[in-house]
Amino acid sequence: ATNPPAFSPDKGRWFFPVFSSEKVDTLVGLRIWDGPQNPVMSTSGTQQHLLNGQQFIASTDGTVYVCEGDWDRVALEWLRVTNNQTGIVVAVPGSSTFKDKWVELFKGKAVIFLYDNDEPGKIGQAKAARMIAKVAKSVQLILWPSVTAEKYDLNDFVSDRVRTPKAAWKELHGMLVDFIDTEASVVPNEGTTEDNRRPVPK
């Protein structure tokens, strides 16, 4: 099982344990959230590790879901477990953070990036996808529909569909597109209509 967050009623704080992405069962720090309107704070060193990395490095599962932030990971893990699906759910500590030393962890994996619906999210998941493309078995990205609100994320998506988890799982996978590294941000060649031919941002 993954390590869930803990709540301190005295302080009104949520604590997310962060374990090493390099050594199993090694606690490296905490991420701390004081509630709405407050950013998640981290103890020293946590930016160097994937969230839920301890389960990732210990697993032989072939599918890896990569989210942006703590609550998105918790939400997607709930959705995955509720639907009795396989896979490992990890998260980056921020959209712009993806370390070179993480790349080899994704070797031979089917990787799915599910970052937020905003410009940093789009750029961040494209950057991460490009970094692992040569080692991963396959790479897919979420393409949020054009009607989706700015900054909408996985936590929002799951919260809005908590009563229909089976349909939500299917809908989520319907928004995935294959990553194709065009190294361009131009429209596809004329005549190319498949969603998975859309270039991604640099």
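In helix α2, the buried residues (buried meaning under 20% relative accessible area with a 1.4 Å probe and protein chains only) are Asp70, Asp72, Arg73, Ala75, Leu76, Glu77, Leu79 and Arg80. The model is predicted, so that local features need pLDDT of at least 70 and side-chain atom pairs count only at pLDDT 80 or more, whereas totals for chains, interfaces and linings use all residues. Residues are numbered from 1 along each chain as its sequence is written, and side-chain values use heavy atoms, with hydrogens and water left out.

Helices (DSSP runs of H or I, at least four residues) and strands (E, at least two) are numbered from the N terminus. Helix α2 covers residues 70-82, and its 13 residues should span 18 Å at 1.5 Å a residue, the expected span being 1.5 Å times one less than the number of residues; the end C-alpha atoms are 18 Å apart, in agreement with this value. Just after α2, Asn84 takes a positive phi of about 55°.

Five strands form an open sheet of mixed pairing in the order β6-β5-β7-β8-β9, where two strands pair if DSSP finds at least two bridges between them. Because β6 (88-92) and β9 (176-178) each have a single partner strand, one side of each is left without a neighbour in the sheet. Within this sheet, β5 (residues 63-68) and β7 (residues 110-114) pair in the parallel sense over five bridges, and Val64 stands opposite Val111 in β7.

Helix α3 (residues 119-132) lies across β5, β7 and β8 (138-142), in contact through heavy atoms within 4.5 Å, and runs at about 165° to β7, with angles running from 0 to 180 degrees between N-to-C directions of axes fitted to C-alpha atoms, for helices over the stretch in contact. Helix α5 (residues 165-174) lies across β5, β7, β8 and β9, and runs at about 30° to β9.

Definitions and conventions. Buried < 20%, exposed > 50% of the residue type's maximum accessible area, 1.4 Å probe, protein only.
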